Amino acid sequence: MKRIVTYLNKLFPAVVLSLVAATSTSQPLTLKNAILIAQENSYDAQLAKYSYLASYWAYRSFKAQLMPSVNLRGGLMNFNHSSVEARNYEDGKVAYVDNNTLDNNMTLSLDQKIAATGGTISLQSYLYRLDQFTYNERTYNSQPMRVSYTQPLMAFNSLKWEKKTAPLEFEIAQRKYISSMQDIAVKTTQLYFDVLAAQSACRQSEASLADREALYEMAKKRLQLGTTTKSEVLQLELSLINTRVAVRNDQLALNNARYELFSYLRVSDYDKAEPQVPDEVPDLNINTALVAERAISNSSHVKEQKLQLLNAEKSLAQAKADRGLQISLNGQIGFSKTASTFSSVYSKLRDNEIVGLTLSMPIFDWGVSKGKVRMAKAQLEVTKTQLRQSHEDFLEEIRRSVTRFNSQPSLCRDAMRAREIAQERYTITLKRFETGGVTVTELNTAQQELESSNAQYIAQLQVFWNDFYSLKKLTLYDWVNNHDIEEDFDRLLK
C-alpha cells in the first residue's frame, strides 16, 4: 500500500499537466507538484537514477565475488606440426625431430574465495587428451577430483578490505540518490520562483499600463478644460511609453522563465499551466542540535568520511604488506590416471598430492618500500586532519542554515504585510491623482514602492522555500511531517 501511495503521488502531477494541455482555461500548478514532476521526469532525475543503478550493480558484483563460482576452462583443437628440439640423454647431442600432435584439455572447477584469509579453495575435475599422429598414439590424462588451496601468508588481502568498503559505498549511493532528489527540489524551486517573479512583474506592469492609459486620456481632457498643465500631460505620456516598454520586456522575461522551468520538467504543453504563489508558509522553529543529530545520522556526510578514512588505512595496509618477505602456500590433493583409452583413464586411480611454498623477498630496493609506507602514513594523517576540519565546517553550515531558516517565516509575514500596505497606498494615491490631489511624481513613487514590495515578497518566499528544501537535503528529514525521507529503491530497478 505504501508503494501504491508513493506511485500515485508521483503520477498525480503528470496527470494534472496532461489535463492542462487538454483544457482551454488556465490550470494552477503548485510548487509541490512541480517538484514531484521534476523528481520523476527531469534529466537530473534520470542521471541520479542511473548513477544509483551503477552503484547497485557494482555492489551486486562484489557480493557475487563472495559466492562460489562454477567455471569451465579448456583448450580445444590445439594442433602443432613443427620441429622441436630433442637432446640425447647419453651424449647430450641436440637434434630436431618432427612434431605432429593435437591436444585437447578441459577443466571444470568450483571456486570459492575466502575473504577472511585471502585464500582460494577450488574443487576441480580435469581431462587431457594428446594425439601424436607421427607415432599413431593417443594418451589420456585425468584428474577426476582435485582439491586445491592457495593461501598468501603475508600478502595484502584486498577482498577483506572490500568487505568493509563495498557495503558502505552502496549505502552512500542510496543516500546520495535521496539527496539528489532534494537537489532537484532546490533547483525546481529556483526556476519556479523565477517564473513567479517574472509573472508578478508582468502582471504589475500590465496593470500599470491600463492605469496609465486611462490617466493619460483623462489628462488630455483636463488639458482641454484647463485644469492641468501641459507638463503633467507630457509626464504622463512619457510614463505611458516607459510602461509599454516595460510590459514588452516583462512578457519576454516571463516567456523565458516559463520555458526554463517547463524545459527542466520536460513538459512541452504548458501554455495553460499557471504557477501559483505558495503563500502558506509553515511556521517552523527548528532546534539546531536536533538538525545536527538528523544530519549526522541520515546524510551521507559521516559515512563518506568513514569511507575516506578506510581507504587511507587500506593504502597504508597495502604498503606495509607489499614490503619484505612474500610467502604463498599452495597445495592440492586428489586422484589422477594416465592411459591410452578413455574407458581406462578413470579406473584404478592413483593418489596425487602437491604441497609447497613460494616466496620472494627484496634484498635491497633503495628504500622504495619504506618510502611508500611513510607516504601512506603521512597521507592517513592528512586525511584525518581534513576530515576533522570538514566535520567542523559541516556543523557550522548546519548552525547557519538553521539560524537563517528560523528567521524566514517572520520575514515572509512582514513582506506580505508590506505588500498589502503598498497596494493600499497605491490605490489611495491613484484615486487622489484622479481628483488632482497628488502629482505624477507621487503616483510614480507609489507605483515603484508597490513593484518593490511585490518583488521583495516573492524574493522572501523564494529564500524560505529554497532554505526549506536545502535543509531537507542536509538532513534527509521532512520537518513538516516529522519523518525520515525514504525512497522505494526496488521501483528504480524495474
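**Questions on a predicted model**

Modeller: The side chains of Gln151 and Tyr149 make a polar contact, at 2.5 Å. The model discussed here is predicted.

Colleague: What makes this pair a polar contact?

Modeller: The limit for a pair of N or O atoms is 3.5 Å, and the side chains of Gln151 and Tyr149 are in contact at 2.5 Å. The value is within the limit, so the term applies. The side chain of Gln151 also reaches the backbone oxygen of Thr117, at 2.7 Å.

Colleague: Gln151 has its place in strand β5. How do you know whether Gln151 is buried or exposed?

Modeller: The relative accessible area of Gln151 is 9%. Buried means under 20%, so Gln151 is buried.

Colleague: Why is the aromatic pair of Phe79 and Phe133 called stacked, edge-to-face or tilted?

Modeller: The centres of the two rings are 6.4 Å apart, with 40 degrees between the planes. Rings pair if their centres lie within 6.5 Å, and an angle that is neither under 30 nor over 60 degrees counts as tilted. The pair of Phe79 and Phe133 is therefore tilted.

Colleague: Which parts does this pair tie together?

Modeller: Phe79 belongs to strand β2, whereas Phe133 lies in the loop between β4 and β5, so the pair ties together parts that are 54 residues apart in sequence.

Colleague: How exposed are Phe79 and Phe133?

Modeller: Phe79 has a relative accessible area of 52% and is exposed, the threshold being over 50%. Phe133, with 44%, is partly exposed.

Colleague: What makes Arg266 a charge over the ring of Tyr43?

Modeller: The charged end of Arg266 is 4.3 Å from the ring centre of Tyr43. The distance limit is 6 Å, so this value satisfies it. Lys164 lies over the face of Trp161, also at 4.3 Å from the ring centre.

Colleague: Which strands stand at the edges of the open sheet, and why?

Modeller: The sheet has six strands in the order β2-β3-β4-β5-β7-β8, with antiparallel pairing. Its edges are β2 and β8, because each has a single partner strand and one side is left without a neighbour in the sheet. Within the sheet, β4 and β5 pair over 12 bridges.

Colleague: How do you know that the span of helix α9 agrees with its number of residues?

Modeller: At 1.5 Å a residue, the 36 residues of α9 should span 52 Å, and the end C-alpha atoms are 52 Å apart, so the values agree. Just after α9, Leu476 takes a positive phi of about 50 degrees.

Definitions and conventions. Residues are numbered from 1 along each chain as its sequence is written. This is a predicted model: local features need pLDDT of at least 70, side-chain atom pairs count only at pLDDT 80 or more; totals for chains, interfaces and linings use all residues. Side-chain values use heavy atoms; hydrogens and water are left out. Helices (H or I, at least four residues) and strands (E, at least two) are DSSP runs, numbered from the N terminus. The expected span of a helix is 1.5 Å times one less than its number of residues. Rings of Phe, Tyr and Trp (its six-membered ring) pair if their centres lie within 6.5 Å; planes under 30 degrees apart count as stacked, over 60 as edge-to-face and the rest as tilted. Buried means under 20% relative accessible area, exposed over 50%, partly exposed in between (1.4 Å probe, protein chains only). A charge sits over a ring if NZ of Lys or CZ of Arg is within 6 Å of the ring centre and within 35 degrees of the ring normal. Two strands pair if DSSP finds at least two bridges between them. A polar contact is a pair of N or O atoms within 3.5 Å; within protein, one must be able to donate a hydrogen and the other to accept it, and residues adjacent in sequence count only if both atoms are side-chain atoms.
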